[in-house]
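The following exchange introduces a structure to a reader who has not met it before. Each answer gives the reasoning behind a term.

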Amino acid sequence: MNEDEILDIVDENDEVVGQAPRGEVYAKRLRHRAAFILARDAEDRIFVHRRTAEKLVFPSHYDMFVGGVVGAGESYDLAAHREASEELGVTDLPQPTPLFRFLYETPQHTWWSAVYEVRCTSPVAPQPEEVAWHAFLTQDELDARLPEWQWVPDGFAAYQRLRKLA
């Protein structure tokens with residue numbers, strides 16, 4: 001949520017072409033990087049949460065991924081582990097497994113998205129600054145809520161791609 005955090009700016013091939021503060025990146029629709037992590041518990045349920053109203057992008061929307069922007073000079077893998085550990089509030093989280101990447105673009109937003117999956121068997125204690133509500137849902141429970149809840153569009157796009165791979 002730090003508007004002053006420096007992010008790498010990338011081109012259509014995901015190559016770094018510059019850097020800028022997060023606030024400027026969002027205001028000017030500069031292409032950057034993000035990591036999305038689907039967290040499953042020991043029972044194979046999926047961590048779902050509602051973002052806080054203070055989020056800069058998609059406040060109060062639901063998401064089936066944890067994650068966030070990749071910092072300047074940071075790899076997708078490091079960002080995925082850092083973001084998942086922070087948002088889930090788990091210190092012994094294994095390294096998330098990379099699944100695929102895709103370019104997310106709308107008239108308002110553009111970022112390269114690296115999608116991961118991780119098994120979280122420890123109790124979660126989500127960051128209150130990031131997560132307003134959370135639960136682990138079965139696949140059927142999640143699918144039933146897809147038409148009912150307002151989802152972050154980038155996470156929803158990633159989820160649709162992930163389901164096609166399954």
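Q: What makes the length of helix α2 (residues 76-88) agree with expectation?
A: In this predicted model, helix α2 has 13 residues, and at 1.5 Å a residue these should span 18 Å. The end C-alpha atoms of α2 are 18 Å apart, so the value agrees with the expected span.

Q: Which residues of α2 are called buried?
A: They are Y76, A79, A80, E83, A84, S85, E87 and L88. The term buried stands for a relative accessible area under 20%.

Q: What do the buried residues of α2 pack against?
A: They pack against six strands, namely β3, β4, β6 (66-69), β7 (97-105), β8 (110-119) and β9 (131-137).

Q: Which residue comes just after α2, and what is its phi?
A: G89 follows α2 and takes a positive phi of about 70°.

Q: Why is F58 called buried?
A: The relative accessibility of F58 is 12%. Buried means under 20%, therefore F58 counts as buried. F58 is placed in the loop between β4 and β5 (62-63), and its phi is near 55°, a positive value in a residue other than glycine.

Q: Why is D44 called partly exposed?
A: D44 has a relative accessible area of 38%. Partly exposed covers the range between 20% and 50%, so D44 is partly exposed. D44 belongs to the loop between β3 (32-40) and β4 (46-51).

Q: What is the phi of D44, and what kind of value is it?
A: Phi of D44 is near 70°, which is positive although the residue is not glycine. Most residues other than glycine have a negative phi.

Q: How do you know that the radius of gyration of the chain agrees with that of a compact globule?
A: For 166 residues, a compact globule would have a radius of gyration near 15 Å. The chain has 15 Å, so the two agree. Along the principal axes, the C-alpha atoms fill a box of roughly 40 × 35 × 30 Å. Of the 166 residues, 51% count as buried.

Q: How many helices and strands does the chain have, and in what order do the elements run?
A: The chain has four helices and nine strands. From the N terminus on, the order is β-β-α-β-β-β-β-α-β-β-β-α-α.

Q: What share of the contacts between residues at least 6 apart in sequence join residues at least 24 apart?
A: The share is 63% in this chain.

How values were computed: Residues numbered from 1 in each chain as written. Predicted model: local features only at pLDDT ≥ 70, side-chain atom pairs only at ≥ 80, totals over all residues. Heavy atoms only, no water. Helix = DSSP H or I, 4+ residues; strand = E, 2+ residues; numbered from the N terminus. Buried < 20%, exposed > 50% of the residue type's maximum accessible area, 1.4 Å probe, protein only. Rg over C-alpha atoms; globule rule 2.2 N^0.38 Å. Contact = heavy atoms within 4.5 Å. Expected span 1.5 Å × (residues − 1).
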